[in-house]
Amino acid sequence: MENKSSNKNQYKHLSNYYQVREIYPWLFSIKDPSDVFCYLIIGEKQSLLYDTMYGIGSLPDLIKKITEKPVTVVLGHGHLDHANGAYQFDEVYLNENDFELCRMHTSPFYRNTIIERLNESKQALPQNFNVNEYINAGCGNFKNLEPGKIFDLGSLTIEAIAMEGHTAGSIGLLVKEHKILFNSDAANFHVWMFLPESLLISQYIAMLKRTLLLDFDRFFVGHSGISLSKTDMQKMITIARNASLEKAEPYSTSDLFSVFNPIIYREKDGEIVFNESKLG
């Protein structure tokens, strides 16, 4: 089905923290001040929120300003910048392979790290934001999301797609009627593959090749509101195949992750961050 983009292509300030953009009549992107994105998909009967970002502002309040339809929440994976808003909902779907990872990344230690970073960057917090409540809010209630599960929103059929690599439990969502795929951090032009929870680069490549066989035209990632094409995913495969220790250089990141000795390989189209252990 052809996707007709809305004329409302500018970000709207529907909260004192997030920005919202209507991409299509059935799809909204939600952006936080750290340039992390989540997506609200709206069918005739239900809505679905994919990812929850850092969870600083109130996502339920924001969603109510967009739609009154009941919302199902799906986490693309368990990392801190995509899963920390899960506590704001009664339950969230997440693949069980990322349960423990998500519990760690939503712990008081990681949440305190998030607040420290925001303070260092002098990023404004929402009005009436309670730091202590946020730090101790917990991970939320997980419901196992298995690949192949179908979410019927009414007029929209969404299938959960296994996209392991960046993490073992990474899950994408395919909106079949519009041939649109969402993948959080599973496939992008700056992918982290050096973390303990990351799989081998060969497994990442195999996943991308398998994903390319699906019936989609465009896909959205977790750190950009601009859709990409299948050609872009093929470029990601090429970058991953060409990555080597000899062609890489040291990668600078926070102390939280630098202990894993990341290095970065760059090409014209993008880059992959990895370490020697991921080349097996």
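This report describes one sheet and two pockets in a predicted model.

**The sheet**

Six strands form an open sheet with mixed pairing, in the order β8-β9-β10-β11-β13-β14. Its edges are β8 (150-152) and β14 (228-229); each has a single partner strand, so one side of each is left without a neighbour in the sheet. Within the sheet, strand β10 (residues 171-175) and strand β11 (residues 180-182) run antiparallel and are joined by three bridges. One residue to look at here is Leu174, whose bridge partner in β11 is Leu181.

**The pockets**

The largest pocket has a volume of about 540 Å³. It is lined by 26 residues, and those closest to its centre are Tyr54, Asp81, Asp185, Trp192 and His223. Three elements, α2 (80-83), α4 (108-120) and β12 (190-192), give two or more residues to this lining.

For the second largest pocket, the volume is about 230 Å³. Its lining has 16 residues, of which Asn16, Gly57, Ser58, Asp61 and Pro126 are the closest to the centre.

The table sets out the linings by residue class.

| Pocket | Nonpolar | Polar | Charged |
|---|---|---|---|
| Largest pocket | 13 residues | 10 residues | three residues |
| Second largest pocket | seven residues | seven residues | two residues |

In the largest pocket, then, the lining includes 13 nonpolar residues beside 10 polar and three charged ones. In the second largest pocket, nonpolar and polar residues number seven each, with two charged residues making up the rest.

Definitions and conventions: Residues numbered from 1 in each chain as written. Predicted model: local features only at pLDDT ≥ 70, side-chain atom pairs only at ≥ 80, totals over all residues. Heavy atoms only, no water. Pairing = 2+ DSSP bridges. Helix = DSSP H or I, 4+ residues; strand = E, 2+ residues; numbered from the N terminus. 1 Å grid on protein atoms, 1.4 Å probe; cavity = no way out; pocket = protein on both sides within 12 Å on 5 of 7 lines; lining within 4 Å. Points joined across faces, edges and corners; volume = space filled by probe spheres on them. Nonpolar A, V, L, I, M, F, W, Y, C, P; charged D, E, K, R; others polar.
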